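Me: I would like to go through a structure feature by feature. Please give the general idea first where there is one, then the case at hand.

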Amino acid sequence: MKRKMAVILLLVCMAVAGCTAKGTGNEGDTEAAERMEDESAKSGVTDGEAGRDENAQQQRQAEPEAAVQEEDMEDSMLYRDAVLTREAPEDKVSILVQPSVLRTYSSYYYTPGGVDQEWLRQFMDSLPAGGESGTGLQKGLKETGWQIAYGDKCFMAFEGGYLQWSDVDEKGDFAEYFTEAPKLCDYIQIMLQEKLGYTSFEPADIKDIVSARLDIRSFSAGNELYSQTITDKEALKLLEGWFSNAEYIYGGADCGNQCACLELALADGSAVCLSMAVDSCSNFGINGVYYDYRPVSDWDNREFFELFDEILWDWN
């Protein structure tokens with residue numbers, strides 16, 4: 001039974017392979033390696049610190065990712081040749097991600113191996129136990145769409161190289177901490193882009209849509225897997241107006257976004273995927289960063305779903 005479930009999950013992932021965010025094309029390993037080396041050089045990371053010399057690069061490319069046994073695949077996902085898991089190993093550094101594809105669960109953990117794991121563990125172990133204490137310190141900053149899981153802590157990352165996490169202070173009270181770690185954040189962002197095609201995308205860049213493909217499996221679609229592509233210019237203009245003006249939501253969303261993936265093909269040849277809410281909420285995610293696209297205050301997303309008239313909706 002477990003073997004059958006693993007095959008089904010793999011087939012579902014293959015069926016929705018069209019849902020790939022902008023910048024997730026097949027980039028060469030050499031180009032990715034050069035980006036990593038350049039970032040290390042800019043950050044002042046030595047070969048010993050980063051493990052990014054030529055030999056380390058060859059070792060990293062040759063080493064497989066952390067292996068997951070076949071019997072564990074029911075709660076895992078194969079994504080761009082990397083295994084994403086539902087649980088993070090306690091003794092390793094893992095990255096919590098929400099790739100913009102049709103998926104079973106909202107979030108998964110990516111656990112790098114080889115020199116990446118070694119470098120990340122050394123860096124995390126060197127972080128101070130506490131940073132600046134207080135709430136609201138992230139105001140004005142935007143999430144990266146990924147978080148770091150290590151030991152019993154989870155660190156939310158923000159653009160600009162900032163981390164926020166919760167812990168118990170010296171008095172035994174619950175506290176929030178905030179610190180700068182640009183070297184660590186840059187390293188992880190480049191690694192995720194290389195391994196998972198996990199890139200950022202600004203809604204304002206959603207322009208000149210030439211087609212929109214919706215893949216969905218949710219209660220609103222009778223729990224059946226549906227896929228429909230629309231090219232009607234008026235409908236695409238509606239989508240562009242809604243999405244390009246969307247506003248960032250701090251803290252993400254929990255609206256069944258993993259159940260619907262909208263791939264927008266743009267006139268410049270690029271594409272962006274949106275993880276659409278499947279309830280009445282008008283929001284979407286782009287690789288873990290969420291936005292509200294409601295055009296007016298009393299609007300829900302039924303008008304969006306009705307554009308895809310070949311899908312049998314169940315609104316009861």
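**Reading the features**

Reply: Start at the surface: Asp298, Asp300, Glu303 and Glu306 form a negative patch there. Keep in mind that this is a predicted model.

Me: Where does Asp300 lie, and is Asp300 buried, exposed or partly exposed?

Reply: Asp300 sits in the loop between strand E16 (289–292) and helix H8 (302–305). Its relative accessible area is 34%, so Asp300 is partly exposed.

Me: Now the interior. Which residues of the largest nonpolar core touch the most other members?

Reply: The general idea is that in soluble globular proteins nonpolar side chains tend to be buried together. Here the largest nonpolar core has 35 residues, and Phe243, Leu264 and Phe304 touch the most other members.

Me: Which elements each supply at least two residues of this core?

Reply: They are strands E10 (209–216), E11 (226–230), E13 (260–266), E14 (271–276), E15 (283–286) and E16, together with helices H7 (233–244) and H8. H7 gives the largest share, five residues.

Me: How many salt bridges does the structure hold?

Reply: In general, side chains of opposite charge can pair when their charged atoms come close. This structure holds four salt bridges. One of them joins the side chains of Glu202 and Lys142, at 2.9 Å from N to O.

Me: Which parts does the pair of Glu202 and Lys142 tie together?

Reply: Glu202 is in the loop between H6 and E10, and Lys142 is in the loop between strand E5 (132–133) and strand E6 (143–150), so the salt bridge ties together parts that are 60 residues apart in sequence. Glu202 is partly exposed because its relative accessibility is 37%. Lys142, with a relative accessible area of 14%, is buried, the cut-off for buried being under 20%.

Me: What is the distance between the closest N and O atoms of Lys153 and Asp152?

Reply: These atoms are 3.5 Å apart, and the two residues form a salt bridge. Asp152 counts as exposed, at 69% relative accessibility, whereas Lys153 is partly exposed, with a relative accessible area of 22%.

Me: And is Asp215 buried or exposed?

Reply: Asp215 is buried, at 2% relative accessibility. The side chain of Asp215 meets that of Arg213 in a salt bridge of 3.1 Å, N to O. Arg213 is partly exposed, its relative accessible area being 22%.

Me: Next, the backbone. What is phi of Asp81?

Reply: Phi of Asp81 is near 70°, which is a positive value in a residue other than glycine. Asp81 belongs to the loop between strand E1 (76–79) and strand E2 (82–85). With a relative accessible area of 74%, Asp81 is exposed.

Me: What is phi of Asp208, and where is Asp208 found?

Reply: Asp208 is not a glycine either, yet its phi is positive, about 55°. Its place is the loop between helix H6 (182–196) and strand E10. Asp208 counts as partly exposed, at 48% relative accessibility.

Me: One last item. How far apart are Ile311 and Ile216 in sequence and in space?

Reply: They are 95 residues apart in sequence and 9.0 Å apart in space, taken from C-alpha to C-alpha. Ile311 lies in the segment after H8. Its relative accessible area is 4%, so Ile311 is buried.

Methods:
Residues are numbered from 1 along each chain as its sequence is written. This is a predicted model: local features need pLDDT of at least 70, side-chain atom pairs count only at pLDDT 80 or more; totals for chains, interfaces and linings use all residues. Side-chain values use heavy atoms; hydrogens and water are left out. Helices (H or I, at least four residues) and strands (E, at least two) are DSSP runs, numbered from the N terminus. Buried means under 20% relative accessible area, exposed over 50%, partly exposed in between (1.4 Å probe, protein chains only). Patches are made of residues with over 30% relative accessible area and no salt bridge: like charges are joined within 9 Å, nonpolar side chains (Val, Leu, Ile, Met, Phe, Trp, Tyr) within 5 Å. Accessible areas come from the Shrake-Rupley method with a 1.4 Å probe; for residues, only the protein chains shown count as cover. Lys and Arg count as positive and Asp and Glu as negative; His and the chain ends are not counted. The place of a charge is taken as NZ of Lys, CZ of Arg, CG of Asp or CD of Glu. A nonpolar core is a set of buried Ala, Val, Leu, Ile, Met, Phe, Trp, Tyr and Cys residues joined through side-chain atoms within 4.5 Å.
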